[in-house]
Amino acid sequence: MADFTEAQITEFKEAFSLFDDDSDGLIDASTCLKVLRSCGQCPSQALLKTLKPQSDFSDFLSLISRTDGSTTASEEAEIREAFYVFDQERTGFVNVEQLKRVLKTVGEPLSHEELMDVVKDFDVKDGRVAIDDFVRVMMTKG
C-alpha cells in the first residue's frame, strides 16, 4: 500500500465518511467509485473489476493506493495517442465540447457532475483544450 501523509489520510477519511450514509464503516461498490472520483482518482477498468460489494476504509485506502496518479512514460504516450484520435490533424488542440462527448462514452460512464468535475480541471482557451493540459489532467486523474 502507498505511504500516505496524515493530511491525505484525513482527507480520504472525510470523503469516505461523507458517503457512508448509515455510518456503519462500509460503502458499496458504486459508492466506492464515487468516493474515488471525489478524491480526484480515475480508476482503470481492471481496478473496477476488483471492487468488493462492500468496502471498509482499509479496502478503500488499498484501492486509492493503486490509483495514486503515478504514471510511466508509456502511460503518458498512451494518453497522448488517445488525444490524437480526436486531433487527427495533429494541431495539439481539441474542442472541449467534443472532449465532453468522448469522456461521457469511454470507460466507466460519468455522471454530468463527474464530467463537469473533470472538465473544470482543463485550461480551456477559445473553446479548446491543449494536448499538454489534457495529459496533465489525465495523469493526475488516473
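This report covers the fold, one helix pair and two single residues of a predicted model.

## Overall make-up

The protein has 142 residues, and 38% of them count as buried. Eight helices and four strands make up its secondary structure. Read from the N terminus, the order of elements is α-β-α-α-β-α-α-β-α-α-β-α.

Contacts reach far along the chain. Take those between residues at least 6 apart in sequence: 59% join residues at least 24 apart.

## Helix H2 against helix H4

H2 spans residues 29-38, and H4 spans residues 57-65. Their axes come within 11 Å and cross at roughly 50°. H2 is therefore oblique to H4. The crossing is right-handed.

Which residues in H2 and H4 meet? From H2 come Cys-32, Val-35 and Leu-36. From H4 come Phe-60, Leu-63 and Ile-64. By class, this contact has six nonpolar residues, with no polar and no charged ones.

## Burial and start of H2

Cys-32, Val-35 and Leu-36 are buried, as well as meeting H4. Thr-31, Leu-33 and Arg-37 in H2 are buried too. The list thus includes a charged residue, Arg-37, by class.

Asp-28 sits at the start of H2 in a polar contact. One of its side-chain oxygens reaches to within 3.3 Å of the backbone nitrogen of Ser-30.

## Leu-26

Leu-26 lies in the loop between helix H1 (6-19) and strand S1 (27-28). Is Leu-26 buried or partly exposed? Its relative accessible area is 34%, so Leu-26 is partly exposed. The cut-off for buried is under 20%.

Beyond its neighbours within four places in sequence, Leu-26 is in contact with Phe-16, Asp-20, Gln-54, Ser-55 and Asp-56. Phe-60, one of the H4 residues that meet H2, is 34 residues from Leu-26 in sequence. In space, the two are 9.6 Å apart, C-alpha to C-alpha.

## Lys-100

Lys-100 belongs to helix H6, residues 96-105. Why does Lys-100 count as buried? Its relative accessibility is 17%, and the cut-off is under 20%.

Which residues does Lys-100 touch, leaving out those up to four places away in sequence? They are Leu-115, Met-116 and Val-119. By class, Leu, Met and Val count as nonpolar, whereas Lys counts as charged.

Note on methods. Residues are numbered from 1 along each chain as its sequence is written. This is a predicted model: local features need pLDDT of at least 70, side-chain atom pairs count only at pLDDT 80 or more; totals for chains, interfaces and linings use all residues. Side-chain values use heavy atoms; hydrogens and water are left out. Axes are lines fitted to C-alpha atoms, for helices over the stretch in contact, and angles run from 0 to 180 degrees between N-to-C directions. Helices (H or I, at least four residues) and strands (E, at least two) are DSSP runs, numbered from the N terminus. Angles under 35 degrees count as roughly parallel, over 145 as roughly antiparallel, 65 to 115 as roughly perpendicular and the rest as oblique. A crossing is left-handed if the near helix is turned anticlockwise from the far one by less than a right angle, and right-handed if clockwise. Contact means heavy atoms within 4.5 Å. Buried means under 20% relative accessible area, exposed over 50%, partly exposed in between (1.4 Å probe, protein chains only). A polar contact is a pair of N or O atoms within 3.5 Å; within protein, one must be able to donate a hydrogen and the other to accept it, and residues adjacent in sequence count only if both atoms are side-chain atoms.
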